[in-house]
Amino acid sequence: MKGIKASLLPAALMGTMVIGSGMASSASAQDPYTVGVEASFPPWAYVEGGEFKGIAIDAMEAIAEERGIEIEFQDMPFPSLIPALAAEKIDILATGLTVTEERSENIDFTIPWWETNDVVLVPEDSELNVFTAVCCGARVGVQGGSSQQAWMEENVVNSSDIDVELAKYDNYVTAVDDMAIGRISSVIVDDTSAQEYINAGKPVKMAGKIFIRAPLALAVSKDDPQEILGDLNQGILAIYESGEWGDIVNGYIPGVTIPAIPGHMPNFVDTYQKPVAGLPDLGNE
Amino acid sequence: MDIYDVLLRDFPFLLKGLGVAIVLLAALLLIGFVLGIAICLVQLYGPRTRLVQWPLTLYERVFRGVPIIIMLFIFFYGMSGIFDISAFGAAILAMGLRSAAYQSQIFRSAFQSVPTGQMMAARAMGMSKVKAIRHILFPQAARHAIGPWTNEFSSEIKETSLAYVIGVVELTRQAHYIITSTQGNVLTVFAVVALLYFILNRTGNSLLYSLERKLAVPGFEK
């Protein structure tokens with residue numbers, strides 16, 4: 001963390017305690033930026049053989065090199081990451097983070113570097129196509145509480161005459177396994193996960209795609225106290241244009257279609273208003 | 001690579017996680033021990049004014065009454081406005097202060113198990129309060145405290161596993177890494193981790209029990 005915020009009194013109190021050194025997180029101007037990651041979230045970030053790996057890790061290192069900034073990674077469980085960023089315990093959040101309106105009120109997003117869409121998964125040997133898989137009395141699997149469930153309820157189940165029933169599962173692995181048994185006819189899941197299942201050899205195929213265009217981005221503390229948003233935005237665009245981004249992503253998810261950067265920038269995010277930090281030509285009017 | 005090869009390859013990282021847990025445990029027990037004894041002595045033999053006693057009682061009630069996970073969040077996020085504390089420092093402080101509240105009650109019951117007549121007798125023989133505590137009460141109370149203290153030791157070992165919520169990479173978090181990077185194997189990995197916690201717990205408790213036997217006075221109190 002940057003910037004010494006400690007006032008003298010508590011510092012002196014702490015100093016008198018037995019623990020002494022190692023209590024304070026380092027704080028000086030030359031320090032590397034702390035990048036918070038959720039390291040149990042493959043393919044975005046994970047640990048293998050004691051080393052951080054994943055799309056977000058490699059891309060963040062590439063951006064740091066491109067912009068000449070120093071970074072260090074700090075792992076935290078996902079629910080702790082946004083509070084840590086809001087409390088300025090970490091400087092940058094780099095994981096598969098979806099841009100939402102609620103989040104944009106507490107943290108600032110970089111330009112989107114990924115876009116997820118939902119796909120309709122059907123069994124590999126199925127005759128169903130994108131129309132028949134989700135109509136006419138079909139039972140469709142989703143993860144309970146997921147954005148896919150919300151989308152299906154809002155746009156299909158409650159607002160149209162299409163006759164489908166949603167089956168809600170704890171997680172998508174169970175849903176996909178249940179589809180193999182035949183209890184449901186299709187599963188709606190985000191395309192990144194779908195590609196993972198196919199690459200892992202599960203007997204499924206994509207019948208079609210729903211373009212919801214949910215952006216994923218990096219994030220910094222609200223109002224960018226470290227003034228790094230511009231560097232990150234320029235870095236993201238630079239590694240995309242040099243092709244490095246594509247190589248990194250394909251290394252982790254072979255065969256995936258890479259969304260263009262900058263992608264869809266929702267209006268509700270204030271850092272997407274023109275001019276965007278570091279990239280003054282971009283932004284919503 | 002099957003899960004056993006992965007476990008074998010990553011075993012040093014599990015041990016590293018165990019090391020972090022042990023350092024955390026030692027630090028929090030030390031804080032708890034020093035503060036706990038101090039609180040207990042003031043509660044039993046200190047000034048009886050409310051000004052001194054009430055804050056101690058309040059501290060003890062609050063720290064025994066709030067879940068440790070909440071304390072971890074408060075110390076890590078809540079204190080960041082005053083003091084830029086690291087995750088490890090926050091974990092040591094939150095858990096150490098909580099352990100102090102528990103340990104103060106362990107020591108209080110141990111000191112109270114020594115008959116009150118002994119203090120009176122020591123004072124009657126001209127010993128100061130401090131001397132009486134040091135030479136008469138403490139040696140007896142220490143023996144009584146070891147049994148309940150093994151409980152505190154065991155429960156604190158297990159609670160170190162909660163420190164991962166604020167980003168301390170200890171044994172449980174290292175296990176998560178293996179589980180997520182291999183996309184499964186929950187049972188196998190956590191079985192190994194459970195065994196590591198169990199060995200640490202048994203070793204610590206065995207040492208404490210042997211200390212208890214060593215300090216026992218033959219033919220007395222048993």
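**Figure 1. Confidence across chain B of the predicted model.** Chain B has a mean pLDDT of 92. In this predicted model, 98% of the chain B residues reach 70 or more. Helix H4 (residues 87-112) of chain B has the highest confidence, at 95. Helix H7 (residues 171-181) of chain B has the lowest, at a mean of 88. For the complex, the predictor gives an ipTM of 0.76. The pTM is 0.76.

**Figure 2. Chain B comprises eight helices and zero strands.** Along the sequence the pattern reads α-α-α-α-α-α-α-α. Taken along the principal axes, the C-alpha atoms fill a box of roughly 75 × 50 × 20 Å. Chain B has 222 residues, of which 33% count as buried. Take the contacts in chain B between residues at least 6 apart in sequence: 76% of them join residues at least 24 apart.

**Figure 3. Close-up of B:Tyr102 in helix H4 of chain B.** Helix H4 spans residues 87-112 of chain B. Is B:Tyr102 buried or exposed? With 20 other C-beta atoms within 10 Å, B:Tyr102 is buried. The cut-off for a buried residue is 20 or more such atoms, so B:Tyr102 meets the criterion. Leaving out residues up to four places away in sequence, B:Tyr102 touches B:Arg64 and B:Glu152. B:Arg61 lies 41 residues from B:Tyr102 in sequence. In space, the C-alpha atoms of B:Tyr102 and B:Arg61 are 9.5 Å apart.

**Figure 4. The annotated domain of chain A.** An unreviewed UniProt entry places the feature "domain: Ionotropic glutamate receptor C-terminal" at residues 32-247 of chain A. Helix makes up 35% of this span, and strand 31%. The C-alpha atoms at the two ends of residues 32-247 lie 26 Å apart.

**Figure 5. An open sheet of five strands in chain A.** The strand order is E5-E1-E6-E13-E7, with mixed pairing. Which strands stand at the edges? Strand E5 (71-75) and strand E7 (107-109) of chain A do. Each edge strand has a single partner strand, so one side of each is left without a neighbour in the sheet.

**Figure 6. Strand E1 of chain A and its burial.** E1 covers residues 33-37 of chain A. Five of its five residues are buried, so E1 is largely enclosed by the rest of the structure. Side chains in a regular strand alternate between the two faces of the sheet. In E1(A), A:Tyr33, A:Val35 and A:Val37 point one way. A:Thr34 and A:Gly36 point the other way. Both sets are buried.

**Figure 7. Strand pairing around E1(A).** How many bridges join E1(A) to E5(A)? Five bridges join them, and the two strands run parallel. In this pairing, A:Tyr33 stands opposite A:Ile71 of E5(A). E1(A) and E6(A) also run parallel, joined by two bridges. Here A:Gly36 stands opposite A:Leu93 of E6(A).

**Figure 8. The antiparallel pair E6 and E13 of chain A.** Strand E6 (residues 92-93) of chain A pairs with strand E13 (residues 219-221) of chain A over two bridges. The sense is antiparallel. A:Leu93 has A:Ala219 as its bridge partner in E13(A). A:Leu93 also stands opposite A:Gly36 of E1(A). In the strand order, E6 sits between E1 and E13.

Technical notes. Residues numbered from 1 in each chain as written. Chains lettered and ligands numbered in written order. Predicted model: local features only at pLDDT ≥ 70, side-chain atom pairs only at ≥ 80, totals over all residues. UniProt positions renumbered as here; feature names shortened; annotations may be inferred. Helix = DSSP H or I, 4+ residues; strand = E, 2+ residues; numbered from the N terminus. Pairing = 2+ DSSP bridges. Buried ≥ 20, exposed ≤ 12 C-beta atoms within 10 Å, placed from the backbone. pLDDT = per-residue confidence, 0-100. Contact = placed C-beta atoms within 7 Å.
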